[in-house]
Amino acid sequence: EGKSAHSQIDVLIIGAGPSGLMAAYWMARCGVNARIIDNRDTKVFLGHADGLRARTLELFDSMGFQHRVLQEGSISTEANIWVPGPQGKLVRQAQIDIFRVDESPFHNTRLNQGRIERFILDSIRENSDLDVERSVIADSLEYDEDLGNDPNSYPITVKVRVLGEDDLNRPRGQGIDAESEAAGNEINRSNLLPDDWADLAPRKKPQKTQVETIKAKYLIGCDGAHSWTRKQLNIPVEGSNTDHIWGVIDVIPLSDFPDIRRVSVVNNAAGTILVIPRERGLVRFYVPVQTCEAGATDRFDRSKITPELIRERVQGILAPFTFDFKECSWWTVYQVGQRIATQSTKDNRIFLAGDAVHTHSPKMGLGMNMSMQDGFNVGWKIALAVAGTLQPEILDTYASERHPLAEMLLDFDRHWSPMFTDPKPGVADTKASEMALVARRFEDFADGWKVFYPASSLVRKAEYDDEFAFARHMIPGERVRPVRLRNHADGGTRWTTRALESDGRFRILVLAGDIRNPMQKQRIETLSQALAGQTRSGISPLSRYLEIHGRFKSPIDVLTIHTSPWKEVEFFDFPEILRPFDPVNGWAYDKIWCDDACMFDRYCDGTAYEKWGVDRVLGALVVVRPDQYIGWVGELGDVEELTHYLDGILVKKSPTDDVEAVL
Ligand code: FAD
């Protein structure tokens, strides 16, 4: 082995899959001194996860690249269920809508994991010079508990091996697909998009393998289902492998099955398959290929399963419809495991995210979504804590917010997976209604409409019914329901998912109501004076907290959304603090928005306040966290309570300032 080196870093991320990259995004956005390592030679290119839920696309919009997914992906709007009819021939039993127009601008979309990783990697590069260090394996972990309480200490020591040309046992990655990749999922320039070509060749490696000792303040273990980090911490997992082995194959199908380009479950005596249309003419098939013998769920002979065997299984189940393929872009075989780690953090210094915490059947299309949302949740909190902006105690909320969702994920899987196991006599008839019931029961959770984050310093819940009657549908702990608004300055329209950019800042939404009303205008003036610090104390809540160093002078941004008709008020009718002036960039034209119907854009229909349950004259005041979940709601005059809420989260420039002094 080559030389050994020592280094220090604020945040170390192990694993550059979907969850690790999401966490890394925040490090890049907030300018955190971070590193991300992965034992694979290259990124993922083909196959793997492919289903994106609407909430994930909303996050992508806030990160600035949702349009790339829409451009390349394939949208699924309904699920079809096929079962044997009276004559035994397959018939379409049901068409279940799987979209909701009123909840989100985005829908279930299919695009392979490799492209998603591409987009996140590009976004990371646009914001910093953080890059994934590949062929680097975490080998040992030590944690010094005595240092755990000092946020400036480096309690974590990780030894990594930086693989050199001399290393002959380079792992191709871990997880369920490692073997099948070795068995010949060929990746070359012809089946990749040009922007992935540069990543195709493994990076240049040192001549000799090197060992590096990295000391870190925080560690995020995003290292997948077999999480090395989790094992080092001796965190147990609960659950087990199920006895079903599935094949997955991505092909260009040659078939006369009518729903081959629609999501379908086909269920007959020969078994059940799931048909998932994908980008670039591909269709994915999930096929049961084997059932383990009782008591032998940890052992099955992977080598017996081949693309040919999967082809035959699909042909058998789809018959009498035809099925074949010439082009296979990727395939794998996996055993469903339903497992959950009992903990997702050690002392709020080491965190686990994604498959490291939860694994389940891929057929729900949720693993990557949940993993990315874990990485997103823990990422902004650690980034701001390291920046010194967020109080480190807030890191408690990672486990309290995400762990219950991991449990719900497994609960969903326990209800969903059995629907795909081999049919029992008489079950086919009830299949559609059963599936629809389960899908509906978990829909809000699966699509991400509702995440139910519990009360904490970050989430100020109502203490009694109707406490937040002035903003009935702005529920702390839930996401801001997306609406389309009109920019006051230029009249253009935008979804809130984009306007609430994921840049690390909390946002105060001033729902200003109708400022043509003189009393309302006066309320906005008074609020603006408090926000600007034009009070006895002269302290503004906007400049009260430590900056995000090198990025933003204040960790708080203010957006104003009013209901006056667009043509009846002017940009300059709003107090200056709501549209601040910058000597170089001029007035902040992107800060004032209007909830008014717009002739050229039918999505911008002037119903934002109604969807949010806010009075169109009186408005409200809302604080949105950096991840677009609602933290606090109040009335326009409640600046004192708002400051109390922020005081419980952010680090004050002057620790002795108390709220009363603000007003
Ligand atoms: P991973 O993607 O597993 O990434 C972990 C990374 O850590 C890997 O790159 C690994 O090489 C690296 N690593 C591990 N140990 C070390 C170490 N010691 N040192 C350095 N690096 C290390 N999810 C969906 O949401 N929708 C779907 O439609 C869907 N379909 C799927 C279909 C299939 C066939 C499969 C296999 C999965 C599917 N999933 C789906 C699940 C999804 O792929 C996973 O949930 C997701 O990839 C988990 O992301 P992650 O970042 O947590 O872990």
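Colleague: Is Arg 280 buried or exposed, and how do I read that?

Modeller: Look at the relative accessible area. This is a predicted model, and in it Arg 280 is exposed, with a relative accessible area of 51%. The cut-off for that word is over 50%.

Colleague: Where does Arg 280 sit?

Modeller: Arg 280 is in the loop between β14 (271-277) and β15 (283-291). Its backbone deserves a look too: phi is positive, about 50°, although Arg 280 is not a glycine.

Colleague: What sign does phi have in most residues other than glycine?

Modeller: Most of them have a negative phi. His 48 is another residue to check, with a positive phi of about 60° although it is not a glycine. You will find His 48 in the loop between β2 (34-38) and β3.

Colleague: And is His 48 buried or exposed?

Modeller: His 48 has 12% relative accessibility, so it counts as buried. For a glycine with a positive phi, turn to Gly 64, where the angle is near 100°. Gly 64 follows helix α2.

Colleague: While we are there, how many residues of α2 are buried?

Modeller: Helix α2 covers residues 54-63, and 10 of its 10 residues are buried. Charged names appear in that list as well as oily ones: among the buried residues are Arg 55, Glu 58 and Asp 61, along with Leu 57, Leu 59 and Phe 60.

Colleague: Next, peptide bonds. Which form do most of them take?

Modeller: Most peptide bonds are trans. For a cis one, go to the bond that joins Ala 319 and Pro 320, where omega is about 15°. Pro 320 lies in the loop between α7 (307-318) and β16 (323-341).

Colleague: Now sheets. In what order do the strands of the β3, β4 and β7 sheet run?

Modeller: To read a sheet, follow which strand pairs with which. Here three strands form an open sheet in the order β3-β7-β4, with antiparallel pairing. The edge strands are β3 (51-52) and β4 (74-75), each pairing on one side only. Between β4 and β7 (residues 109-110) there are two bridges, in the antiparallel sense.

Colleague: Which residue of β7 stands opposite Ser 74?

Modeller: That is Arg 110. Ser 74 itself lies in strand β4 and is buried, with a relative accessible area of 11%. Setting aside neighbours within four places in sequence, the contacts of Ser 74 include Asn 108, Thr 109 and Arg 110, and also Arg 261, Pro 277, Arg 278 and Glu 279.

Colleague: What does a residue with 0% relative accessibility look like, say Thr 229?

Modeller: Thr 229 counts as buried at that value, and its place is in helix α6 (residues 228-232). Leaving out residues up to four places away in sequence, Thr 229 touches Ile 14, Leu 141, Leu 219, Gly 221, Asp 223, Ile 350 and Leu 352. With Asp 223 there is a polar contact between the two side chains, at 2.6 Å.

Colleague: How far apart are Thr 229 and Ala 356, in sequence and in space?

Modeller: They are 127 residues apart in sequence and 8.2 Å apart in space, C-alpha to C-alpha. For the chain as a whole, residues 24 or more positions apart account for 76% of the contacts with a separation of 6 or more.

Colleague: I always ask about disulfides. How many are there?

Modeller: A search of the whole structure finds zero. The test is distance between sulfurs: a pair must lie within 2.5 Å. The sulfur of Cys 604 is 4.8 Å from its closest cysteine sulfur, in Cys 598, and that is too far for a bond. Both cysteines are shielded: Cys 598 is buried with a relative accessible area of 6%, and Cys 604 is buried with 1%.

Colleague: Finally, how do I judge the chain as a whole?

Modeller: Begin with the inventory, which is 15 helices and 28 strands. The radius of gyration is 26 Å, close to the 26 Å that the globule rule gives for 663 residues, so the chain is as compact as a globular protein of that length. Along its principal axes the C-alpha trace spans about 80 × 65 × 45 Å. Buried residues make up 59% of the 663. As for the surface, the chain exposes about 26700 Å², and carbon and sulfur atoms supply 50% of it.

Conventions
Residues numbered from 1 in each chain as written. Predicted model: local features only at pLDDT ≥ 70, side-chain atom pairs only at ≥ 80, totals over all residues. Heavy atoms only, no water. Pairing = 2+ DSSP bridges. Helix = DSSP H or I, 4+ residues; strand = E, 2+ residues; numbered from the N terminus. Buried < 20%, exposed > 50% of the residue type's maximum accessible area, 1.4 Å probe, protein only. Rg over C-alpha atoms; globule rule 2.2 N^0.38 Å. Contact = heavy atoms within 4.5 Å. Areas by Shrake-Rupley, 256 points an atom, 1.4 Å probe, with all protein chains shown as cover. Polar contact = N/O pair within 3.5 Å; in protein donor to acceptor, adjacent residues only side chain to side chain.
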